[in-house]
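Q: Please take a close look at the largest pocket: which residues line this pocket, and which positions does the UniProt annotation "binding site" cover?

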Amino acid sequence: MSNRRQLSDAPFLEAAAGRTPSRRPVWFMRQAGRSLPEYREIRKDVGMLDSCFNPELLAEITMQPVRRHDVDAAILFSDIVVPVKAAGVDLDIVAGRGPVVAEPLRTASDIERLPELDPDSLKPVADGIARILDELTDQQVLIGFAGAPFTLASYLVEGGPSRNHERTKALMHSEPELWDTLMRRITPIVTGFLRAQIDAGIDALQLFDSWAGFLTERDYRRHVLPHSKAIFDEVADAGIPRIHFGVGTGELLGAMAEAGPEVVGVDWRVPLDDAAARISGALAAADPAGDRAEHARVLQGNLDPAMFFAGNAAIEAEVRRICGEADRAIDRGTARGHIFNLGHGVPPNTDADAITRTVKMVHEL
């Protein structure tokens, strides 16, 4: 049974539904994190994964940027590898490197020992969500979060972050059936993690495929899309907005939209009106008999995070350009709405005041 709140005037939800919000909603990926001095203080003696499984700390970190920046959404403080850690995979997040897996999965027997997710292991996350919902206003939403199967598979196969994903691609192409087995093992772990968040009361969710941009569209469609689509299909009954985002995925935007999200995140490399045309064109090609309006999606994005270092005038010019591109796509019928965000995450050395000023700019347009 879900603990979801009934919200009637949240700008994020209005935009995600293709309606006209009271103000253009804005939130930022990695808004909760190292750019905030209060975050650095509270986490100075606590490991990353320990933070993700501590309800009080999880809630506090999630809410810090909402209080400071007046963003329209909180994003659950988590990490892509949290669900596989909860399932029992031996891994840690190493400072300066990222997630490191003790025993990478590279053979059939390795994949066979990938554990299933016990929902009870996620109770600390659910308890943290309850705390967050108690503090949010009726105009602010909580976005749940999970890494997509391909990105999780890459971490598990490579044993950690990779520049070129050699082992991942080698497994995908040399043993495609084994690759599919791995993805089918990961998919219910991701779905279970999202389902726990949905039951705890999140208002929206984002599936984040960090490394999908390293794939060709052909490989994405064959080896990744069916599994991401299975996740979106599985959580469709929740009735909440679903976002899909990846970095460097300009060539994959149409295929990623076919996975089933209502909102498609766009990184900073593609203008939003061009992204909308790619998305609606791909959806129309996949469903030529459908209604044209059904082929449009809500756009999320797409300020270059480096702009936070460029000064107010440059930021304002970029904000106006991005919002203009989104509005043109909406006017043309190739997009249904716009949620302002970055084209990736907030850099850790960002001046927090620059983030606050950017939110104000978006809201005042």
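A: What follows describes the pocket first and then the annotated positions. This is a predicted model, in which local features need pLDDT of at least 70 and side-chain atom pairs count only at pLDDT 80 or more, while totals for chains, interfaces and linings use all residues. Residues are numbered from 1 along each chain as its sequence is written, and side-chain values use heavy atoms, with hydrogens and water left out.

The largest pocket (an open set of points on a 1 Å grid over the protein atoms alone, where a 1.4 Å probe fits, with protein on both sides within 12 Å along at least five of seven lines) has a volume of about 1000 Å³, taken as the space filled by probe spheres set on the points, which are joined across faces, edges and corners. Its lining (residues with an atom within 4 Å of a point) comprises 36 residues, of which Arg-30, Arg-34, Met-48, Ser-78 and Asp-79 are the closest to the centre. Strands S2 (91-94), S3 (98-101) and S5 (204-208) each contribute at least two residues to this lining; strands (E, at least two residues) and helices (H or I, at least four) are DSSP runs numbered from the N terminus.

In the unreviewed UniProt entry, the annotation "binding site" covers Arg-30, Gln-31, Ala-32, Gly-33, Arg-34, Asp-79, Tyr-155, Ser-210 and His-344. These positions span 315 residues in sequence, and their farthest two C-alpha atoms are 23.3 Å apart, so they do not all gather at one spot. Even so, Arg-30, Gln-31, Ala-32, Gly-33, Arg-34, Asp-79, Tyr-155, Ser-210 and His-344 from this set belong to the lining of the largest pocket. UniProt positions are in the numbering used here, with feature names shortened, and annotations may be inferred rather than shown by experiment.

Two of these positions can be placed in loops. Gly-33 lies between helix H1 (11-16) and helix H2 (37-42), and is buried (under 20% relative accessible area with a 1.4 Å probe and protein chains only; over 50% is exposed, and in between is partly exposed), at 7%. Ser-210 occupies the loop between S5 and helix H11 (217-223), where Ser-210 too is buried, with a relative accessible area of 11%.

The same unreviewed entry also carries the annotation "domain: Uroporphyrinogen decarboxylase (URO-D)" for residues 25-34 and 143-159. Residues 25-34 are 0% helix and 0% strand, with end C-alpha atoms 23 Å apart, whereas residues 143-159 are 59% helix and 29% strand, with end C-alpha atoms 28 Å apart.
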